[in-house]
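Got your viewer open and ready? Load the model below, and then we'll walk through it one selection at a time.

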Amino acid sequence: MATDKTFKYAGISSHNGEYKVRFANDIMRIKVLAKHDHEDIRLVELETPMTKLDAVKALKSMDEF
């Protein structure tokens, strides 16, 4: 099932030693992740809202990731 949902922010976080890619439309997502004991939270604002696939491609091209 394909989706056209887009996100303004993307990044990574570590939880219980496992890294995952995170997507959000509000930078306040950082607080929610921190509240649930996530570490090394790195979210960046994307140039334009992007699908998950496009956001991952953009993250791969960034030095901080």
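Before you click on anything, here is a term you'll need: a residue is buried under 20% relative accessible area, exposed over 50%, and partly exposed in between (1.4 Å probe, protein chains only). What you have is a predicted model, where local features need pLDDT of at least 70 and side-chain atom pairs count only at pLDDT 80 or more, while totals for chains, interfaces and linings use all residues. Residues are numbered from 1 along each chain as its sequence is written, and side-chain values use heavy atoms, with hydrogens and water left out.

**Stop 1: the whole chain**

Switch to cartoon view. You should find two helices and three strands, in the order β-β-α-β-α along the sequence. Both kinds of element are DSSP runs numbered from the N terminus: helices (H or I) have at least four residues and strands (E) at least two. Zoom out, and the C-alpha atoms fill a box of roughly 30 × 25 × 25 Å along the principal axes. Of the 65 residues, 29% are buried.

**Stop 2: Tyr9**

Select Tyr9, which sits in strand E1. Is Tyr9 buried or exposed? Its relative accessibility is 11%, so Tyr9 counts as buried. Now show what surrounds this residue. Leaving out residues up to four places away in sequence, Tyr9 touches several others, including Arg22, Phe23, Ile27 and Val44; a contact here means heavy atoms within 4.5 Å. Try a distance from Tyr9 to Val44: they are 35 residues apart in sequence, yet their C-alpha atoms are 5.5 Å apart in space.

**Stop 3: two rings**

Next, pick Phe7 and Phe23. How many aromatic pairs does a search of the whole structure find? It finds one, and you have just selected its members: the ring centres of Phe7 and Phe23 are 5.5 Å apart and the planes are at 40 degrees, so the pair is tilted. For the rule behind that, rings of Phe, Tyr and Trp (its six-membered ring) pair if their centres lie within 6.5 Å; planes under 30 degrees apart are stacked, over 60 edge-to-face, and the rest tilted. The pair links distant parts of the chain, with Phe7 in strand E1 (residues 7-15) and Phe23 in strand E2, 16 residues apart. Phe7 counts as buried because its relative accessibility is 9%, and Phe23, at 19%, counts as buried too.

**Stop 4: Asn16**

Move to the loop between E1 and E2, where you'll find Asn16. Asn16 is not a glycine, but its phi is positive, at about 55 degrees. With a relative accessible area of 73%, Asn16 is exposed.

**Stop 5: Asp40 and Arg42**

Jump to strand E3 (residues 39-50), the place of Asp40. Asp40 also has a positive phi, about 50 degrees, although it is not a glycine. Show side chains, and you'll see Asp40 and Arg42 meet in a salt bridge, 3.2 Å from N to O. The term means a side-chain nitrogen of Lys or Arg within 4 Å of a carboxyl oxygen of Asp or Glu. Why can such a pair form? Side chains of opposite charge can pair when their charged atoms come close. Asp40, at 34% relative accessibility, counts as partly exposed, and Arg42, at 30%, counts as partly exposed as well.

**Last stop: Ile27**

Finally, select Ile27, in the loop between strand E2 (18-24) and helix H1 (29-35). Ile27 counts as partly exposed because its relative accessibility is 34%.
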